[in-house]
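Me: I've got this one open in the viewer and would like to go through it bit by bit. Can I fire some questions at you?

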Amino acid sequence: MAATILLVIIALFTFASAYKILGLFPYEGKSHFISFEPLLKALAAKGHEVTVISHFPQKTPLPNLNDIDIGGSFSSTGVINLDYLTGSRFQKYLTPIVLAYLGYQSCVSGLSNKNFQNFIKTDSKFDLIISEAFNTECFLGLVNKLKSPPLILIHSCILLPWQDDILAMPSNPAYILNHFMPFSIPLSFFERVENTILYIFHHFVFKLFIDIPGKIIARSHFGSDIPSLTDISLNASVLLINTHFTSSGAQPMVPGYIEVGGMHVETPKALPKHIEKWINESTHGVIYFSLGSMIKGHSFPEDKRQMFIRAFSRFPQRVLWKWEADTMPEKPENIMIEKWMPQFDILCHPNVKAFIAHGGLLGVTESVHCGVPLIVMPQFGDQFTNAKAIEANGGGVILEYRSLDEESIVNALKTVLDPSFNKKAKELSARFRDRPMPPLETAIYWVEYVARHGGAPHLRTAAVGMPLYQYLLLDVITFLSVILFILMYISFVITRAIYRKIFKIKEKVKQN
Ligand SMILES: *[C@@H]1O[C@H](CO)[C@@H](O)[C@H](O)[C@H]1NC(C)=O
Ligand SMILES: *[C@@H]1O[C@H](CO)[C@@H](O)[C@H](O)[C@H]1NC(C)=O
């Protein structure tokens, strides 16, 4: 705390220039906003004038941070019934269409929101725009309306299949995994076939269900003369991404692709007394069990709940279960339920030995940071990929929710509670934290960098916006093939001529 205050004071005195920054977060995903919010707050604390368009205004107003609340008219955050999520391949293929639908809803309601409309009328000027890149591209029309100040895109999970276009990130489906698929490296032949087809299919999904509808809505709000939304996003200087290669896997990165995974992680705070006491008094440690904010305890299937209770009874560890109901029927002594828990502070308590999670990136990141082994039961979206990556990097194991039984739970628990597994998780944590600069500082640095230089087009490689035939060298390959064909044809003709000559001479010799 003292260090933070000192930093703020130093920042205030050594201040070169304060920038006017617009944060554009039209998608109504609380977990997305949680990963961006620390950056916005830190920028405001450094003295920049930050305006934030989102569904999540600050509860207590902060200096330099002006909220424009566009929430209220539409709510996509319901309770997820696990029985609807079959986890089938087909469902995974179609997830981008669901995302597109949710984005469309956010576009329709957000763009016509009264506060947003009033904001457009004020005609403010900004030095920089930071916008979430997910499924609400329609809002990028605003960038054009505000006279195209430098643009930074920010993304809360691993790259979506079509987002490689933004910075022309190398995205060879031979080894770059699809956001929605539970693949792990190395891919088998048929997985590479599937990965390639999906790569192409998801680009079409983006075009058809996000880009084109987005453009139609954007035009009706920002005027018919705005450029294509794709072109606006190709103008981005930097893409901040909430991942880190130690836990998500290594891949080639262009200079503007900046990994800031762990940005939301702070120093652990003191736990509520009753929770701390429960953890302190567990001589064998604690298993923390939470399936995030969208999957509620009361929608958790009863047969599965019984399996977990029976499995837990076979271990000496105590269990902290995030359960959104006042009571749990026949709750055993070794289980404590709470409706809300300070997850990160719990995970960083040295007595917490395992985390049973759904594989959302925020929870996974917190667990990796604290060095707690994970048991991941992925349900939708990027959770399958996150789970596979965490398993591959030694941070946890996957528990198949669909084929759950007491034995599979017991086996997963046995694996991660083993001291050797704990050691692996601690090693992963050490790798994850070992960076030149902490993630939040990295993000601040690049935001100020882009503002300082009035945009950073020099970070973009020449591949950005390059036509596909050029990028894939199709023209060059065609050209070289034609030359090769001509050369081969010429040598064939010459060889044939020579051969005939020799043949004729031989004939003559014979006849003579
Ligand atoms: C890209 O940015 C430049 C410089 O700010 C601007 O002049 C141009 O109009 C932008 N292009 C698009 C498509 O937004
Ligand atoms: C839990 O243990 C820690 C370390 O031994 C101690 O500082 C803290 O006061 C304990 N908290 C409670 C509520 O017992």
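Me: Which residues form one aromatic cluster with Trp-321?
Reply: Keep in mind that this is a predicted model. A search of the whole structure turns up 26 aromatic pairs. The cluster that includes Trp-321 is made of Phe and Trp rings, and its other members are Phe-289, Phe-300, Phe-308, Phe-312 and Trp-323.

Me: Take Phe-308 and Trp-321: is that pair stacked, tilted or edge-to-face?
Reply: The ring centres are 6.3 Å apart, and the cut-off for a pair is 6.5 Å. The planes meet at 65°, and anything over 60 falls in the last of your three classes. So the pair is edge-to-face.

Me: Which elements does that pair tie together?
Reply: The two residues are 13 residues apart in sequence, so the contact links separate parts of the chain. Phe-308 lies in residues 302-312 and Trp-321 in residues 318-322. The elements are helix H11 and strand S9.

Me: And are Phe-308 and Trp-321 buried or exposed?
Reply: Buried means under 20% relative accessible area. Phe-308 comes out at 0%, and Trp-321 at 3%. Because both values fall under that cut-off, Phe-308 and Trp-321 are buried.

Me: Which ring does the charged end of Arg-318 sit over?
Reply: There are charges over rings to look at here, including Lys-92, whose charged end sits over Phe-384 at 4.3 Å from the ring centre. For Arg-318, the distance to the ring centre is 4.0 Å. The ring in question belongs to Trp-278.

Me: On to the ligands. Which side chain around ligand 1 has a polar atom 2.3 Å from an oxygen atom of the ligand?
Reply: The surrounding residues are Ser-148, Pro-227, Asp-231, Ile-232 and Asn-235. Ser-148 makes its approach through a backbone N or O atom, 3.1 Å from an oxygen atom of ligand 1. The side chain at 2.3 Å is that of Asn-235.

Me: How much of ligand 1 does the protein bury?
Reply: The shell around ligand 1 is a mix of two nonpolar, two polar and one charged residue. Taken alone, ligand 1 exposes 360 Å². Of that area, the protein buries 48%.

Me: What is the phi of Ser-148, and where does the residue sit?
Reply: Most residues other than glycine have a negative phi. Ser-148 has a positive one, near 45°, and it is partly exposed, with a relative accessible area of 40%. Its place is in the loop between helix H5 (141-145) and strand S5 (151-155).

Me: What surrounds ligand 2, and which of those side chains has an N or O atom 2.3 Å from an oxygen atom of the ligand?
Reply: The neighbours are Lys-273, Glu-276, Lys-277 and Asn-280. A nitrogen atom of ligand 2 is 3.3 Å from an N or O atom in the side chain of Glu-276. The contact at 2.3 Å goes to the side chain of Asn-280.

Me: How much of the accessible area of ligand 2 does the protein cover?
Reply: The shell around ligand 2 has no nonpolar residues, just one polar and three charged. On its own, ligand 2 has 360 Å² of accessible area. The protein covers 38%.

Me: Where is the cis peptide bond at Pro-186?
Reply: Most peptide bonds are trans. Omega is about -5° in this one. Pro-186 lies in the loop between helix H6 (164-167) and helix H7 (189-222). The residues joined by the bond are Ile-185 and Pro-186.

Me: What about Ala-168: where is it, and is it buried or exposed?
Reply: Ala-168 lies in the loop between H6 and H7. Its phi is positive, about 55°. With 10% relative accessibility, under the 20% cut-off, Ala-168 therefore counts as buried.

Me: Asn-178 is in that loop too. Which side chain does its own side chain contact?
Reply: Asn-178 is buried, at a relative accessible area of 4%. A polar atom of its side chain lies 2.9 Å from the backbone nitrogen of Phe-180. The side-chain partner, in a polar contact of 3.1 Å, is His-202.

Me: Zooming out, what percentage of the chain's residues count as buried?
Reply: The chain has 19 helices and 13 strands. Its C-alpha trace spans about 115 × 60 × 45 Å along the principal axes. Of the 512 residues, the buried ones make up 51%.

Terms used
Residues numbered from 1 in each chain as written. Chains lettered and ligands numbered in written order. Predicted model: local features only at pLDDT ≥ 70, side-chain atom pairs only at ≥ 80, totals over all residues. Heavy atoms only, no water. Near = heavy atom within 4 Å. Polar contact = N/O pair within 3.5 Å; in protein donor to acceptor, adjacent residues only side chain to side chain. Areas by Shrake-Rupley, 256 points an atom, 1.4 Å probe, with all protein chains shown as cover. Nonpolar A, V, L, I, M, F, W, Y, C, P; charged D, E, K, R; others polar. Phe/Tyr/Trp six-rings, centres within 6.5 Å; stacked < 30°, edge-to-face > 60°. Helix = DSSP H or I, 4+ residues; strand = E, 2+ residues; numbered from the N terminus. Buried < 20%, exposed > 50% of the residue type's maximum accessible area, 1.4 Å probe, protein only. Lys NZ or Arg CZ within 6 Å of the ring centre and 35° of its normal.
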